[in-house]
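Here is a short, friendly tour of a protein chain. Have a look at the sequence and the structure first, and then read on.

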Amino acid sequence: MYLQRLFLMNYRNVRQADLQFSPKINCFLGRNGMGKTNIMDAIHYLSFCRSSLSSVDSQIILHGTDVMMLQGTYSGDAGDVTEIACSFKPGGRKQFRRDTKEYRKFSDHIGLIPLVMISPDDVNLISGGSDERRRFMDVVISQYDREYLGHLINYNKALTQRNALLKSETAQDEEIFIMLESVMDRSASVIYERRREFVMQLVPHFQRLYGRIGGESEQVGLAYSSHLERGALADMLCEWRPKERIVGYSLHGIHKDELEMTLDGYPIRREGSQGQSKSYLIALKLAQYLYLAEVCNGRRPLLLLDDLFDRLDSSRVSRILQVVSDDAFGQIFITDVNNDRIDSILEQLDKDYRVFTVENGDVK
């Protein structure tokens, strides 16, 4: 699957743009702050029904305007064409349509257009809290497993309700706790198994890619840990409920899961150099791509490389290009500030391409 055409209106600093893309490589050039990342974010929005830069939809609308519109035309490997459109007005309801049919639930759209984005914010996977690493697992699995996404939504709703009861100063009916904990238990068992299976299958891709990209001899690893390794969640929630009433929130569950990232057996956040950490993250996200390409019924994800090559040495850039030039990778979007570097990249890749310049939201 690839994005043939993207129409934007009043998206961040882009007043209007109508862009036709190459099925292989598309580059956006311009100084920092001109709007390159905003175009990448619009592509991300059409896959996930949300921005990668902000959790508040009202912040994506160009200042002084009252409506945002996005429209993407996608072509499948079999030649089928799908049109995805989105519109949003402040104070109104966001609308998403596939062809002419509006989605009743945004979750029904997730996974139709698989996408992997590599950006400077990925450093949070290493340096941030465990919620960043859980989000990484959830974003990948939700793109090919609709049941997983449903259980994740159900679990989080029940968790929110249970935490509200734990914080309440009034006495609560124990039956309500039992009902919510039963929902959490059922969903947690599915989520736990799918996360465990995902990490197990991702690791071989990841370790192989790290060797190619980093050119290093270290052994990298990913290890998934969860409270559910100790047994059923319902039993833990019941046992710990008295203490959780004191602290006011749930201490056990898959919302406490961790994805441990290691280099030679030690946490990379403590042991890894800047270069090793960059290689680790890029290998991890490209492994995510190859994994999704395997499990998404032949639909290769879109690959977005936002400001990836800045502050990377030339040998590391060359190794990354060798990886993504492989036929396993489909359509690629790249942003950069350096025209000469883009010329060198396009020369090395030797694939069909288009180059766009971006200045103050104007795309040519």
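## Reading the elements

Helices (H or I, at least four residues) and strands (E, at least two) are DSSP runs, and their numbers start from the N terminus. With that in hand, Asp-350 can be placed in the loop that follows α10 (339-349) and precedes β14 (353-359). Please keep in mind that this is a predicted model.

## The overall fold

How many helices and strands does the protein chain have? There are ten helices and 15 strands. Along the principal axes, the C-alpha atoms of the protein chain take up a box of roughly 65 × 55 × 40 Å.

The radius of gyration is 22 Å, which agrees with the value near 21 Å for a compact globule of 364 residues. Of the 364 residues in the protein chain, 52% are buried.

## Two aspartates with positive phi

Back to Asp-350: its phi is positive, about 50 degrees, although the residue is not a glycine. Is Asp-350 buried or exposed? Asp-350 counts as exposed because its relative accessible area is 67%, and the cut-off for exposed is over 50%.

Asp-307 is another residue other than glycine with a positive phi, in this case near 55 degrees. Where does Asp-307 lie? You will find Asp-307 in the loop between β12 (302-306) and α9 (314-324). Asp-307 has a relative accessibility of 23%, so it counts as partly exposed.

## A patch of positive charge

Which residues gather in a patch of positive charge on the surface? They are Lys-101, Arg-104, Lys-105, Arg-146 and Lys-157.

One of these residues, Arg-104, is found in the loop between β7 (101-102) and β8 (115-118). Why does Arg-104 count as exposed? The reason is its relative accessibility of 75%, as exposed means over 50%.

## A nonpolar surface patch

The surface also has a nonpolar patch of about 300 Å², made by Ile-246, Val-247 and Tyr-249. Val-247 belongs to helix α6, which covers residues 233-247.

How does Val-247 fit into the exposure classes? Val-247 has a relative accessible area of 37% and is therefore partly exposed, since that class lies between the buried limit of under 20% and the exposed limit of over 50%.

Notes:
Residues numbered from 1 in each chain as written. Predicted model: local features only at pLDDT ≥ 70, side-chain atom pairs only at ≥ 80, totals over all residues. Heavy atoms only, no water. Patch = residues over 30% accessible without salt bridge, like charges linked within 9 Å, V, L, I, M, F, W, Y side chains within 5 Å. Areas by Shrake-Rupley, 256 points an atom, 1.4 Å probe, with all protein chains shown as cover. Salt bridge = Lys/Arg side-chain N within 4 Å of Asp/Glu carboxyl O. Lys, Arg positive; Asp, Glu negative; His and termini not counted. Charge placed at Lys NZ, Arg CZ, Asp CG, Glu CD. Buried < 20%, exposed > 50% of the residue type's maximum accessible area, 1.4 Å probe, protein only. Rg over C-alpha atoms; globule rule 2.2 N^0.38 Å.
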